[in-house]
Amino acid sequence: QCGVPVAPHQVLHNAADLSAVPASLLPGILKTTRLGYDGKGQVRVASLADLPAAWAQLQAQGPAVCILEKRLPLAAECSVVLARGFDGQMVHLPLQVNLHRDGILRLTLAPWSAPTLQRAAARHLRRVLEHFRYEGVLNIEFFVHRGRLLANETAPRVHNSGHWTIEGAATSQFENHLRAILGLPLGATRARGHAAMINLIGEMPSREQWLGNRELHWHDYGKTARPQRKLGHITMLGETARERDTAARRLLAAIDPAGLREWRARTR
């Protein structure tokens, strides 16, 4: 309704709706419309014959409206964080490119130098914020498909992909959220150099091994370790994108080799 492009999809309210799904939407991903995150609430569907089992799997977690979304070849996944105050003032952070593996965000690089996409992302978010008269911080994740942005997911709150802003932006997403909901002026959102945010998933690496890097910032959430759980993150800053990327690759090679392989595959 806001004019923000999305992937081809169909809303499924109940099992009877499955019979009306066109074959053109397959292969696809069946998603719950609420409370899905980090790969949860999603099932890959290869064909129409697989759809009933996927539906039953998600409904077993509790009755939910679902969306079947067509799988598309993606050039990248990116997101942008924008804040809107009581007075309608809006500021947005630089566009950031994200790398996911197993449905979980592994790496965010910011700013991502893609001026045309940056302008489109900010325009899309402004439409959504104005439509809902939203106050606070909101994030939208986008697919980059054939040079266009397709909205994939929204988080009406501060977002994991914006955690780099704690050290890497003039005003963090957290501070601007508080400013917005308290009716205070919003802060500047320019990037302080080039940032890489790496999620620490499943287990925490040895902090003593990495804290010798003065441009590395360590965040431990104090959570109990378990597979696929976000336990913390590291933010690394560089004066140039090349410097940042070199440092991020070195760190990923040590703590998440599969994530590094995924990154290299995406950037070939």
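Here is a walk through the cores, one helix and a pocket of this structure. It's a predicted model, where local features need pLDDT of at least 70, side-chain atom pairs count only at pLDDT 80 or more, and totals for chains, interfaces and linings use all residues. Residues are numbered from 1 along each chain as its sequence is written, and side-chain values use heavy atoms, with hydrogens and water left out.

Let's start inside. The largest nonpolar core (buried Ala, Val, Leu, Ile, Met, Phe, Trp, Tyr and Cys residues joined through side-chain atoms within 4.5 Å; buried is under 20% relative accessible area with a 1.4 Å probe, protein chains only) has 38 residues, and Leu107, Phe142, Leu149 and Trp263 touch the most other members. Helix H2 (residues 115–132) gives the most to this core, namely 6 residues. Helices (H or I, at least four residues) and strands (E, at least two) are DSSP runs, numbered from the N terminus. There's also a second, separate core of 15 residues, with Val81, Leu93, Trp164 and Ala169 among them.

Now look at helix H1 (residues 51–59), where Leu51, Ala54, Trp55 and Leu58 are buried. They sit on the same side of H1, because they cover an arc of only 100° around the axis, taken from the directions from the helix axis to the C-beta atoms. Strands E1 (9–12), E2 (28–32), E3 (42–45) and E4 (66–70) are among what covers them, with contact meaning heavy atoms within 4.5 Å.

Finally, 14 residues line the second largest pocket, and Val97, Leu109, Trp263, Arg266 and Thr267 lie nearest its centre. A pocket here is an open set of points on a 1 Å grid over the protein atoms alone, where a 1.4 Å probe fits, with protein on both sides within 12 Å along at least five of seven lines; lining residues have an atom within 4 Å of a point. Strands E5 (76–84), E7 (96–101) and E8 (104–110) and helix H6 (257–266) each supply at least two lining residues.

How values were computed. Buried means under 20% relative accessible area, exposed over 50%, partly exposed in between (1.4 Å probe, protein chains only).
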